[in-house]
Amino acid sequence: MTKQPAIELKNITKRFGAKVIANNNVSLTAYHGEVLSILGENGSGKTTLMNMISGIYFPDEGQIFVNGKEAVIASPKDAFGFKIGMIHQHFKLVDVFSAAENIVLGIDGGKYNLKKSTEEIKKISEQYGFDLDPEKKIYSMSVSEKQTVEIIKVLYRGADILILDEPTAVLTPQETAKLFDVLRKMRDDGKCIIIITHKLHEVLSLSDRVSVLRKGEYVGTVNTAETSESELTEMMVGKKIDLNIERSDPKDPQDRLVVKDLDCINRDGVAVLDSISFTARSGEILGIAGIAGSGQRELLEAIAGLQHISQGDILYNDPKSGKTENLRDKTPVQIRDLGVRLSFVPEDRLGMGLVANMDIVDNMMLRSYSKGRSAFLERKAPKDLAMKIIKDLEVVTPGASTPVRRLSGGNVQKVLVGREIAASPTVLMVAYPVRGLDINSSYMIYNLLNEQKEKGVAIIFVGEDLDVLLELCDRIMVIGSGKITGIEDARTVTKEQIGLLMTKTGEEE
Ligand SMILES: Nc1ncnc2c1ncn2[C@@H]1O[C@H](COP(=O)(O)OP(=O)(O)O)[C@@H](O)[C@H]1O
Ligand SMILES: [Mg+2]
């Protein structure tokens with residue numbers, strides 16, 4: 001049987017203001033009974049394009065056909081009329097309501113029979129293999145359960161064209177595998193599944209076809225069975241990119257930072273770090289994996305002197321003097337005055353890392369002011385450094401005297417990473433350093449980290465892409481609910497093993 005087109009986009013253009021063309025003359029087709037991936041780098045226009053199918057935005061030019069007929073989709077309600085449902089990156093659920101209440105919310109004119117609806121929800125769950133308790137309240141749900149609610153909500157309304165915007169960003173490998181099984185069942189059931197992603201291995205494992213966008217333009221569509229990671233990357237980026245991350249063996253690793261029994265309690269009295277003990281060694285990249293918000297931020301902040309800890313020690317072995325300093329309860333300035341060369345790229349780049357209103361040069365100076373008063377007045381060295389970072393890391397900015405707040409997120413990140421590395425650290429802590437960066441820049445950052453490793457720096461890398469952690473790091477430490485659930489050899493551990501450790505709380509056993 002030939003597949004019927006579900007969605008046809010013809011010459012779609014969408015602008016934001018005078019300058020941004022988010023989609024330029026894009027045409028593509030998605031069929032019933034297939035999974036179509038929309039692949040593209042950050043900012044390539046994927047979300048905008050799909051938002052026009054789901055009625056969030058209206059195209060400036062072009063036409064949308066649904067099941068062969070031209071359709072005007074002016075609101076999400078219109079989209080539902082065409083049996084189109086979108087699962088957005090940010091969920092829109094009411095915390096104090098149950099799954100079932102959220103699913104029926106806003107339909108049937110506010111009148112509903114919760115018992116009947118719950119039966120219907122159970123039926124949908126069984127049909128596709130979801131695991132959901134309809135009575136469970138949203139606030140006690142994991143991210144993956146919340147996502148399930150969003151998907152069932154769309155199915156409950158009768159959608160047979162489903163669009164998912166980067167659904168795996170928040171999932172563990174096991175949860176991802178489960179979601180993909182569900183999506184395959186829906187496809188086999190004749191539904192049209194469109195999934196936005198920038199992860200190549202997901203594209204290859206799940207989709208039937210892939211449509212690629214680059215800078216708002218449609219590049220082409222290929223059959224998944226006939227393509228490869230390198231072809232897809234070239235389509236996304238516009239040029240060939242070497243996707244291999246080098247990994248050398250650590251040379252003469254020394255215990256640089258020894259963290260012992262660290263406890264940290266937040267304002268609500270909840271233990272955010274619980275008996276954390278590990279060692280970061282020189283010439284080694286120690287990866288930290290975990291579901292977002294498992295204590296990664298607090299751990300790095302505690303080491304940097306930005307987070308109060310209730311118990312434990314942070315011992316720094318100075319490679320020059322051979323002395324051991326305890327960094328516990330020291331401020332960042334005290335840590336620096338001890339001669340500890342600690343660099344930190346925090347998750348929160350502006351605010352904690354850089355000062356938004358200052359220009360790039362002044363932000364360089366922020367880092368070096370402790371070197372004495374004269375350094376404060378000396379702008380030449382920071383200016384040279386700023387220029388060097390702009391050039392080496394290809395920072396897009398009108399100049400070195402542009403306020404940092406005017407740069408895009410990716411460029412802010414490059415400035416911060418560049419500055420922290422230029423400080424010749426002995427310990428370098430980076431949190432999600434490639435988040436939001438394009439592929440080319442991401443590989444630039446991996447290379448920089450590898451260079452630092454070669455120089456004998458002890459690197460702590462908090463990451464979210466397990467494939468990258470597995471390729472780049474020497475060891476991977478997994479945190480779950482503020483506890484270490486495992487420290488593994490990155491050369492031998494599997495993604496599935498890391499995934500299991502991520503969801504372990506450290507209490508069972
Ligand atoms: N509401 C908006 N206002 C202005 N610019 C926007 C808006 N939404 C998206 N953009 C811009 O449109 C482009 C495409 O964005 P988006 O569709 O979110 O890309 P993707 O989902 O591929 O990362 C980007 O340059 C982005 O900054
Ligand atoms: Mg997007």
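**Close-up views of a predicted model**

**View 1. Methionine 429 and its surroundings in the predicted model.** Not counting neighbours within four places in sequence, methionine 429 makes contact with Leu300, Ile303, Ala304, Phe344 and Ile460. Met429 also belongs to the largest nonpolar core, which has 75 residues. Together with Val415, Ile459 and Phe461, Met429 is listed among those with the most contacts inside this core. Where do the residues of this core come from? At least three come from each of domain 2 (253–341 + 424–509) and domain 3 (354–423). There is also a second, separate core of 57 residues, and Val26, Met86, Leu164 and Leu200 are included in it.

**View 2. The shell around ligand 1.** Here you can find Phe16, Val20 and Ala22, followed along the chain by Gly40, Asn42, Gly43, Ser44, Gly45, Lys46, Thr47 and Thr48. Which helix or strand gives the most to this shell? It is α1, with three residues. Both β2 (20–31) and α1 (46–53) supply at least two residues each. Sorted by class, the shell holds seven polar residues, three nonpolar ones and one charged one.

**View 3. Aspartate 261 on strand β11.** This strand covers residues 255–265. Is aspartate 261 buried or exposed? Aspartate 261 counts as exposed because just 12 other C-beta atoms lie within 10 Å, and the cut-off for exposed is 12 or fewer. Leaving out residues up to four places away in sequence, Asp261 touches Ser275, Ser277, Gln311 and Gly312. Now look for aspartate 313: it is 52 residues from aspartate 261 in sequence, while their C-alpha atoms are 6.8 Å apart in space.

**View 4. Where domain 1 meets domain 2.** The domain assignment divides the protein into domain 1 (5–237), domain 2 (253–341 + 424–509) and domain 3 (354–423). Between the centres of domain 1 and domain 2, taken over C-alpha atoms, there are 35 Å. Nine residues from domain 1 and 12 residues from domain 2 take part in the contact. On the domain 1 side, α6 (173–188) and α8 (229–237) each supply at least two residues, and α8 gives the most, with three. That side is made up of five polar, three nonpolar and one charged residues.

**View 5. A stretch to read with care, residues 372–376.** Over the protein, pLDDT averages 91, and 96% of the residues score at least 70. In residues 372–376, however, pLDDT stays under 50. The model has four contacts beyond four places in sequence for this stretch. Where pLDDT is low, the predicted coordinates should not be read in detail.

Terms used. Residues numbered from 1 in each chain as written. Chains lettered and ligands numbered in written order. Predicted model: local features only at pLDDT ≥ 70, side-chain atom pairs only at ≥ 80, totals over all residues. Near = placed C-beta within 6 Å. Helix = DSSP H or I, 4+ residues; strand = E, 2+ residues; numbered from the N terminus. Nonpolar A, V, L, I, M, F, W, Y, C, P; charged D, E, K, R; others polar. Core = buried A, V, L, I, M, F, W, Y, C linked by C-beta atoms within 7 Å. Buried ≥ 20, exposed ≤ 12 C-beta atoms within 10 Å, placed from the backbone. Domains from an automatic or database assignment. Contact = placed C-beta atoms within 7 Å. pLDDT = per-residue confidence, 0-100.
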